[in-house]
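Q: Could you walk me through a few details of the structure below? I'd like to go from the polar pairs to the cysteines and then to the surface.

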Amino acid sequence: MSDHREHVVELLRGDADKTQKARLRTHLVRLRQRTLVLDASVVLGAVGGASTCGAAFVLFLGSMRDSAIAPWLFLLFGLALGCTACALIAFLADGILAWHGRHRDASLPRPK
């Protein structure tokens with residue numbers, strides 16, 4: 001996506017008319033939104049994975065020490081499920097943003 005962003009910035013610096021520049025700026029804003037949504041998706045997926053590992057580790061430690069682990073398991077596994085669901089929703093939001101941009105603005109000129 002960074003190559004695409006650089007291409008849009010190049011086109012903005014070029015000799016496009018006002019209408020094309022407005023369309024390119026809108027496209028650049030959408031690319032920034034997609035980048036933020038994808039970054040959030042990656043972070044949420046990582047937290048969900050780490051929480052799953054943490055829940056497995058707590059389960060292992062609890063079985064070794066015969067201690068009460070239910071609150072920790074509930075917290076970590078709940079966090080894992082919540083973050084994973086939010087990561088999938090964020091990834092879906094990126095797809096919707098990409099689809100909406102493609103159908104609304106059509107494609108940009110190819111780089112020379």
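**Working through the model**

Q: Before the details, which helix does serine 41 lie in?

A: Serine 41 lies in helix α2, where helices (H or I, at least four residues) are DSSP runs numbered from the N terminus. This is a predicted model, in which local features need pLDDT of at least 70 and side-chain atom pairs count only at pLDDT 80 or more, while totals for chains, interfaces and linings use all residues. Residues are numbered from 1 along each chain as its sequence is written, and side-chain values use heavy atoms, with hydrogens and water left out.

Q: And is serine 41 buried or exposed?

A: Serine 41 counts as buried because its relative accessibility is 12%; buried means under 20% relative accessible area, exposed over 50%, and partly exposed in between, with a 1.4 Å probe and protein chains only.

Q: What does serine 41 touch?

A: Leaving aside residues up to four places away in sequence, serine 41 touches Ala87, Ala90 and Phe91, contact being heavy atoms within 4.5 Å. A polar atom of the serine 41 side chain also lies 3.0 Å from the backbone oxygen of alanine 87.

Q: How many salt bridges are there?

A: The structure holds one salt bridge, meaning a side-chain nitrogen of Lys or Arg within 4 Å of a carboxyl oxygen of Asp or Glu. It is formed by aspartate 94 and arginine 34, whose closest N and O atoms are 2.6 Å apart. The pair links distant parts of the chain, since aspartate 94 is in helix α3 (residues 70-105) and arginine 34 is in helix α2 (residues 18-65), 60 residues apart.

Q: Are those two buried or exposed?

A: Both aspartate 94 and arginine 34 are buried.

Q: Switching to the cysteines, how many disulfides are there?

A: There are zero disulfides in the structure, a disulfide being a pair of cysteine sulfur atoms within 2.5 Å.

Q: Why is cysteine 53 too far for a bond?

A: The closest cysteine sulfur to that of cysteine 53 is in cysteine 83, and because the two are 13 Å apart, they are too far for a bond. Cysteine 53 counts as exposed, at 55% relative accessibility.

Q: What about cysteine 86?

A: Cysteine 86 is in no disulfide either, and the nearest cysteine sulfur, that of cysteine 83, is 6.5 Å away. With a relative accessibility of 39%, cysteine 86 counts as partly exposed.

Q: On to the surface, which residues make the nonpolar patch?

A: Phe57, Phe60, Leu61 and Met64 make a nonpolar surface patch of about 440 Å². Patches are made of residues with over 30% relative accessible area and no salt bridge, with like charges joined within 9 Å and nonpolar side chains (Val, Leu, Ile, Met, Phe, Trp, Tyr) within 5 Å; the areas come from the Shrake-Rupley method with a 1.4 Å probe, and for residues only the protein chains shown count as cover.

Q: Where is leucine 61 found?

A: Leucine 61 is found in helix α2 and counts as partly exposed, at 36% relative accessibility.

Q: Last one: what separates the C-alpha atoms of glutamine 33 and isoleucine 96?

A: Those C-alpha atoms are separated by 11 Å, although glutamine 33 and isoleucine 96 are 63 residues apart along the chain.

Conventions
Helix = DSSP H or I, 4+ residues; strand = E, 2+ residues; numbered from the N terminus. Polar contact = N/O pair within 3.5 Å; in protein donor to acceptor, adjacent residues only side chain to side chain.
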